[in-house]
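Please find below a short note for a colleague coming to this structure without prior acquaintance. The points are numbered so that each can be checked in turn.

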Amino acid sequence: MKTKYVIGVDIGTTSAKAVLYAKDGKVISNHGIEYPLFSPTPETAEQNPEEIFSAVINTVKKIMQESHVEPKDILCVSFSSAMHSVIAVDQEGKPLTECITWADNRSSDWVEKIKTEMNGHEIYLRTGTPIHPMSPLAKLVWLRNDYSELFSKTYKFISIKEYIFYKLFGKYVVDYSIASSTGLFNIYTLAWDEEALNIAGVTPKQLSEPVPTTYRLTGMNESFAKEMNLLSSTPFVVGAGDGVLSNLGVDAIDPGVVAVTIGTSGAIRAVSDKPITDPKGRIFCYALTENHWVIGGPVNNGGMIFRWARDQLGETEAAAAKRLGKDPYDILTEIADRVTPGADGLLFHPYLAGERAPLWDSNARGSFFGLGMHHKKEHLIRAILEGVIFNLYTVLLALTELIGEPKKIHATGGFARSELWRQMMADIFNQDVYIPESFESSCLGAAILGLYSLGEVDSLNVVSEMVGATYHHTPNSENVAIYEDLTPIYIRVSRLLQQEYESMAAFQKKWV
């Protein structure tokens, strides 16, 4: 029987990626195209929707060209996408705004009002999206009040994935997963939430039609099909959000299996068979399918903190790396590895970009605590690496309150290249940590969801046959004892500083 193929596409924050898989999960071809994030002010984070659309078209075109696979042998194209984006469009589907991304903080002044004056917590409990500037709910309240003329001209408010599907198929649909990350969608009824829509000032007609993540569209625009070397009849599966599909792509969908991702940012997620929200408002709950719900917390501050450390503290190491033909990150981890766990009593709170989980405070700011004359550069580097893991661990503690102790940790992302960082996670979490052998986990998750949609596989658990493990770390008992002493200090300090975060953020807005 002739081999059949599936394409997984991930529309990320920094690039669009496409991977062509054989039906058994083997990677045949892959390609990615980067696009810029525009930040003319510290609070702005926008992208050009047309640049992203072009990147999607061209990544698919490239893998089809490289693979020489016949268009008729493509079973489907299935999508993953970054969450929380908003684009205002007119009646012709043309953008009235750029794509306002999850990282945009311009709605921050309205977030507190939603929380305190607009029944925000009750809305969170129904929608699963914490009240935060990342949320489209907050973005719409901001646009409605601060840009009323633009708001009144808008025909629909959509996400970047909806924009791409509209251009390809002329239809506005939003999958339950992306809808569940808007703060406007009731995750228990799988319908737009009336109170949230009233606060945002929109009607269901101004939003897309919610559909299951397995929903398929056919009859693509002929010119775009030809450009991608696909048949216009090729099914496009609407798919889900990147985070929830990453859980699927690293085989973390069984009860008790927790996925931890550290890329530029980071997240901890687990899968439940029903929606779960947190009375304390610390975690999200987003749909994967009607029977799979991903709960967890995203953090702003992941690998980008290590990049900041490289740029601000690692000039000497970067120069040495260039001379030796090595990666500067490897040299920095080598000097951090000379320091004992706990960095000889130095803690770092990595809130350089505000923070989402567990604080949900865009005013949060970074800090070293415990700094003494005995501390050197290598202590700072180690504390920075540990701080990222401590922060993720506090999210895991919140998750544990709701679903119990994890049975297994699957960790992925750029951090996995560092043996020191992987071992830190095992020691701080006091858990065995497995690093799945998964190429582009969100693309793989999308591909598997696509096969499931078509009935080519009868369960999402087929992923376990496609994903192996590259590394396995067990906790070091001596290190665990040190981190168990430091963890409560780490948590208390961040909580004690929360009032001061607001004061410092106000100062920086005024004077910096």
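The points below take up the nonpolar cores, one helix pair and the cysteines.

1. The reader should keep in mind that this is a predicted model. Its largest nonpolar core has 122 residues, and the residues with the most contacts inside that core are Leu137, Phe157, Leu184, Val260, Ile268, Met425 and Phe429. Helix α14, residues 377-403, supplies the largest share of this core, with 14 residues. Apart from this core lies another one, of 42 residues, which includes Ala16, Ile74, Phe169 and Met228.

2. Leu137 may serve as an example: leaving aside its neighbours within four places in sequence, Leu137 is in contact with residues including Ile114, Ile123, Ile131, Leu184 and Ile199, and the polar names among its partners are Thr182 and Gly183.

3. Helix α10 (residues 242-249) packs against helix α16 (residues 441-454) at an angle of about 80°, the two axes being 7 Å apart, which makes α10 roughly perpendicular to α16. On the α10 side the contact is made by Asp242, Leu245, Ser246, Leu248 and Gly249, while α16 contributes residues including Ser441, Leu444, Ala446 and Ile448. By class, this contact of α10 with α16 has six nonpolar, five polar and one charged residues.

4. A search of the whole structure finds zero disulfides. Cys99, which is buried with a relative accessible area of 2%, is in no disulfide, and the nearest cysteine sulfur, that of Cys443, is 18 Å away. Cys443 is itself buried, with a relative accessible area of 0%, and because its sulfur is 13 Å from the closest cysteine sulfur, in Cys76, the two are too far apart for a bond.

Key: Residues numbered from 1 in each chain as written. Predicted model: local features only at pLDDT ≥ 70, side-chain atom pairs only at ≥ 80, totals over all residues. Heavy atoms only, no water. Axes fitted to C-alpha atoms, helices over the stretch in contact; angles between N-to-C directions. Helix = DSSP H or I, 4+ residues; strand = E, 2+ residues; numbered from the N terminus. Parallel < 35°, antiparallel > 145°, perpendicular 65-115°, else oblique. Contact = heavy atoms within 4.5 Å. Core = buried A, V, L, I, M, F, W, Y, C linked by side-chain atoms within 4.5 Å. Buried < 20%, exposed > 50% of the residue type's maximum accessible area, 1.4 Å probe, protein only. Disulfide = S-S within 2.5 Å.
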